[in-house]
Structure formats: structure tokens, C-alpha cells
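Visitor: Hello! I have just started learning about proteins, and I would like to know how to read a model like this one. Could we go through it together?

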Amino acid sequence: MSAIRGHFDGKVIVLDEPANLRPNQRVTISPESESPDPEFGTVGYVVKHLGSPISDEDAREMSKAIEEAFGQIEPEDDVEL
């Protein structure tokens with residue numbers, strides 16, 4: 001049997017559609033996590049709202065273009081996003 005969708009109404013679990021369950025049949029319920037929205041300006045926010053980050057190849061091309069226009073980019077070890 002595939003997963004059965006439902007919701008908690010504050011008192012009991014309510015199935016979203018009929019299910020072929022026997023009386024007293026045991027079930028396992030795993031709540032879906034509702035993680036908070038990532039903070040604006042973080043990589044997590046960008047990924048969630050704008051999709052996947054750019055590809056490695058595109059990132060290298062962008063870095064090369066920036067270096068050609070503005071000089072060498074020095075990596076920083078302690079940068080946190």
C-alpha cells in the first residue's frame with residue numbers, strides 16, 4: 001500500500017481521501033516537517049526561492065569574467081553565508 005495523506009485537525013488525524021483500511025489495522029504516522037523559511041540573503045533562501053545555484057562551470061566562467069574585469073579574486077577561508 002502506498003502512503004496515505006491526511007492532516008491533524010487539532011484533535012485527531014483526518015484522512016484526505018478514503019483508504020482501504022481494516023478496523024483496528026495498525027498504521028505508522030510520520031509527520032512532514034515544516035521547516036522555517038531560510039533567512040533572506042542566505043544561500044538556503046536563494047535555493048528555496050530561486051531554484052538550484054548556478055552550475056560549477058557557470059561559476060568558473062563568472063569568476064573568470066570578474067577577475068578579467070577587476071583583477072585577481074583572493075579566496076577567504078572564513079566567509080559564512
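Visitor: Let me start with a single residue: is proline 18 buried or exposed?

Guide: Good place to begin, and keep in mind that this is a predicted model. The idea is to look at relative accessible area, where over 50% counts as exposed and under 20% as buried. Proline 18 has a relative accessible area of 83%, so proline 18 is exposed.

Visitor: Where in the chain is proline 18 found?

Guide: Proline 18 sits in the loop between β2 and α1. In space, its C-alpha atom is 8.9 Å from that of isoleucine 4, although 14 residues separate the two along the chain.

Visitor: And what is the order of the elements along the chain?

Guide: Reading from the N terminus, the order is β-β-α-α. That makes two strands and two helices. For the numbers, β1 covers 6-8, β2 covers 13-15 and α1 covers 43-50.

Visitor: How exposed is aspartate 16, and which loop holds it?

Guide: Aspartate 16 belongs to the loop between β2 and α1. With a relative accessible area of 45%, this residue falls between the two cut-offs, so aspartate 16 is called partly exposed. Here is another pair to look for: aspartate 16 and arginine 5 are eleven residues apart in sequence, and their C-alpha atoms are 5.8 Å apart in space.

Visitor: What about threonine 28: buried or exposed?

Guide: Threonine 28 is exposed, at a relative accessible area of 75%. Threonine 28 is also in the loop between β2 and α1. Its C-alpha atom is 10.0 Å from that of alanine 3, with their positions 25 residues apart along the chain.

Visitor: Which backbone angle stands out at asparagine 24?

Guide: Look at phi there. Asparagine 24 has a positive phi of about 65°, yet it is not a glycine. Asparagine 24 lies in the loop between β2 and α1, and its relative accessible area of 78% makes it exposed.

Visitor: How much of the chain is buried?

Guide: Of the 81 residues in the chain, 1% count as buried.

Visitor: Which residues form the nonpolar patch on the surface?

Guide: To find a patch, look for nonpolar side chains that sit together on the outside. In this model, Ile4, Phe8, Ile13, Leu15, Leu21, Val27 and Ile29 form one, with about 630 Å² of accessible area together. Take isoleucine 4 as an example: its place is in the segment before β1, and at 34% relative accessibility it counts as partly exposed.

Visitor: What is the volume of the largest pocket, and which residues are closest to its centre?

Guide: The largest pocket has a volume of about 630 Å³. It is lined by 20 residues, and those closest to its centre are Ile4, Arg5, Gly6, Ile13 and Ile29.

Visitor: Which element gives the most to that lining?

Guide: That is β1, with three residues. Both β1 and β2 supply at least two residues each.

Visitor: And how many of the lining residues are nonpolar, polar or charged?

Guide: Sort them by side chain, and the lining of the largest pocket divides into ten nonpolar, six polar and four charged residues. Ile4 is worth finding on your screen, as one of the residues closest to the pocket's centre and a member of the nonpolar patch.

Definitions and conventions: Residues are numbered from 1 along each chain as its sequence is written. This is a predicted model: local features need pLDDT of at least 70, side-chain atom pairs count only at pLDDT 80 or more; totals for chains, interfaces and linings use all residues. Side-chain values use heavy atoms; hydrogens and water are left out. Patches are made of residues with over 30% relative accessible area and no salt bridge: like charges are joined within 9 Å, nonpolar side chains (Val, Leu, Ile, Met, Phe, Trp, Tyr) within 5 Å. Accessible areas come from the Shrake-Rupley method with a 1.4 Å probe; for residues, only the protein chains shown count as cover. A salt bridge is a side-chain nitrogen of Lys or Arg within 4 Å of a carboxyl oxygen of Asp or Glu. Helices (H or I, at least four residues) and strands (E, at least two) are DSSP runs, numbered from the N terminus. Buried means under 20% relative accessible area, exposed over 50%, partly exposed in between (1.4 Å probe, protein chains only). On a 1 Å grid over the protein atoms alone, a cavity is a set of points where a 1.4 Å probe fits but cannot get out, and a pocket is an open set with protein on both sides within 12 Å along at least five of seven lines; lining residues have an atom within 4 Å of a point. Grid points are joined across faces, edges and corners, and a volume is the space filled by probe spheres set on the points. Ala, Val, Leu, Ile, Met, Phe, Trp, Tyr, Cys and Pro count as nonpolar, Asp, Glu, Lys and Arg as charged, and the others, Gly among them, as polar.
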